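Reader: I would like a close look at one place where two helices meet. Please go through that contact slowly, and then show me what else can be described in the same way.

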Amino acid sequence: MWTEESTNAVQQIVTTLSVFCIVFVIRAWWNWQTAGLGLKSIPSKGSLGWPIVGESLSVIGCTGDFTFERWLRERIQKYGPMFKSHLFLKPSILMTTAEEVKFVLEDPHKQMRNGAPESLKRIFGSTSIFALEGEEHRHVYKILNDSILMPELKKKTSEFNRIMRHSLSSWDGNTLDILGAMQTIIFKLMTFNFFGIPWEGEIADRIASLLDTVVLGPTCLPFYFPGTDFYKASNAKRKVTEIVLPIIRQLRSAETGGTSKYASSAEKFPYQNLFDVKLNGKEISDTAVCDILMSPILTGGQGPGTVVGLAIYHLTNNPSMLQKAQAEVDQVRKQKEELGETDLSVSDLKDLKYLNQVYNEVLRISTIVPGGGRVALSDIHFNGHVIPKGWFMLAPFVLIHMDPELYPEPSKFDPDRFETPPNPGKFLPFGRGYRTCVGRDFTRLVVLMALYHILSNFTWDVVSCSGKLKYLPFVKMIGEFQLSFRSRTHLP
Ligand code: HEM
């Protein structure tokens, strides 16, 4: 039986425990909010949000009308251009002016490491380009970069044209989700480019469908439970590795005199340079080569398809621009026909002046990669502030692209603003500094080639457009953008 005394005692214990809990929560909250403030000159403005999750959920929620740019602007108005937050499980500093973005991306005193999300590093492997740092990063970056910049790409344009023409040959009379359709084509182009895998074969189809799942991974939390995107993406990546690893072994043996049916179609990818790389002082393993070659496919695989889809979207919504782009494409095609050519060559790209402007404007208005992230390896002194060791720095390019002083009426799609080529410091779709995108020339080539072939061969009607843009970590259309295509019968 409860006596009055025992009831009072229990009440006292409960009250004391509650007070302890409240004090504990307030202290934890205070510690969280003042983390790093011992360093006095850390930007004191900003909010670290909720314990553990910080402000990540409000950032992840940036879709549709609530853009990441709006999220940033609201805070800049409140706290100024450099402010603290807590993003993706790390205390963070947002550095938003052009000068701050440059500082983060160029890292002049080599005090930073890459801040790619944990899920990205775990799926792509410990030797993917995102996980490598210092000399190892520089070496591997150079090999990848040199292999897909313009001089090398020139050698591949006729095969790329063939892939495009073959893939588009079934579009007449069909309704397609343009983004999905483009994505498959780009994956095939890339597996051909990096592994020499014939794009018409069954292997390329299997890899392309697995890659559709792998690319879910980097955008999700790294929880390996059945049913999660991370789980599905990790397993799909393992299956791609199982397919690709024997090809890498064959290519390595071909470099030392053996034979490989892939070596001839690999079109001079500098595999030997890659096999010569030393990681941690040891000869590179086949799995590491595989991860290095897969990282551009996995990161870059979605970008060009998204740009083609968005270009078609904007042109469809602006008939006068569509007409202008089509007239330009028709003129280039006519000139080529007179010379007996059908392929779009690298030198033709400069004749597609308006299409280049459309391409730049898509990259500006929908900054596909909204920013670059780095982690401080030591306390970093910058403009009177100290960024503490271990803090994450985010440099968003999206604000530069939507700055009304640089781009009047920035939300308006207006390719004419690129009549003169963009100023590199004010146009950063591919970043800058020593981690600038290695796929920049590849993207321009394949996007313009895809638009050229689509515009010269088809007209289309919009069947459904339930698509909404999701902004982070990369711009992506979720939902459908279905078009029904018809061959152009009355070509000028
Ligand atoms: C619309 C298309 C694309 C956009 C907007 C884009 C944008 C970017 C940006 C901004 C970065 C730098 C991120 C940073 O500084 O942290 C980057 C890095 C990278 N991109 Fe792209 N990219 C695109 C397509 C591609 C393609 C097609 C490939 C491969 C063929 C590719 C491969 C890479 C790689 C490997 C890196 C990592 C470089 C490093 O960490 O050293 N990207 N990309």
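Author: Start with the contact of helix 8 with helix 18. From helix 8, the residues Phe 160, Asn 161, Met 164, Arg 165 and Leu 168 take part, and they meet Val 446, Met 449, Ala 450, His 453, Ile 454 and Asn 457 of helix 18. Sorted by class, the residues of this contact are 7 nonpolar, 3 polar and 1 charged. The model is a predicted one.

Next comes the geometry of the pair. Helix 8 covers residues 157-168 and helix 18 covers residues 440-457; their axes come within 10 Å and cross at roughly 40°. An angle under 35 degrees would count as roughly parallel. The crossing angle therefore makes helix 8 oblique to helix 18. The crossing of these two helices is right-handed.

A second helix pair can be read in the same way. Helix 15 (residues 319-338) and helix 16 (residues 353-365) have axes that come within 8 Å and cross at roughly 135°. These two helices are therefore oblique to each other as well. On the side of helix 15, Lys 324, Ala 325, Glu 328 and Val 329 meet Tyr 354, Leu 355 and Val 358 of helix 16. This contact has 5 nonpolar and 2 charged residues, and no polar ones.

Now the strands. Strand 14 (residues 481-487) runs antiparallel to strand 4 (residues 175-177), and 3 bridges join them. Strand 14 is also joined to strand 11 (residues 458-465), by 7 bridges and again antiparallel. Leu 483 of strand 14 is a useful residue to find on the model: Leu 176 has Leu 483 as its bridge partner, and so does Val 462.

Elsewhere there is an open sheet of 5 strands in the order 1-2-10-7-3, with mixed pairing. Strand 1 (82-87) and strand 3 (112-114) are its edges; each has a single partner strand, so one side of each has no neighbour in the sheet. On average, neighbouring strands of this sheet are turned by 35° against each other, direction ignored. At one edge, strand 3 pairs with strand 7 (residues 371-376) in the antiparallel sense over 3 bridges. Met 112 has Ala 376 in strand 7 as its bridge partner.

A helix also belongs to this picture. Helix 4 (residues 98-106) lies across strand 1, strand 2 (90-95), strand 7 and strand 10 (392-396), and runs at about 125° to strand 10.

How values were computed
Residues numbered from 1 in each chain as written. Predicted model: local features only at pLDDT ≥ 70, side-chain atom pairs only at ≥ 80, totals over all residues. Pairing = 2+ DSSP bridges. Helix = DSSP H or I, 4+ residues; strand = E, 2+ residues; numbered from the N terminus. Axes fitted to C-alpha atoms, helices over the stretch in contact; angles between N-to-C directions. Contact = placed C-beta atoms within 7 Å. Parallel < 35°, antiparallel > 145°, perpendicular 65-115°, else oblique. Nonpolar A, V, L, I, M, F, W, Y, C, P; charged D, E, K, R; others polar. Left-handed = near helix turned anticlockwise from the far one by under 90°.
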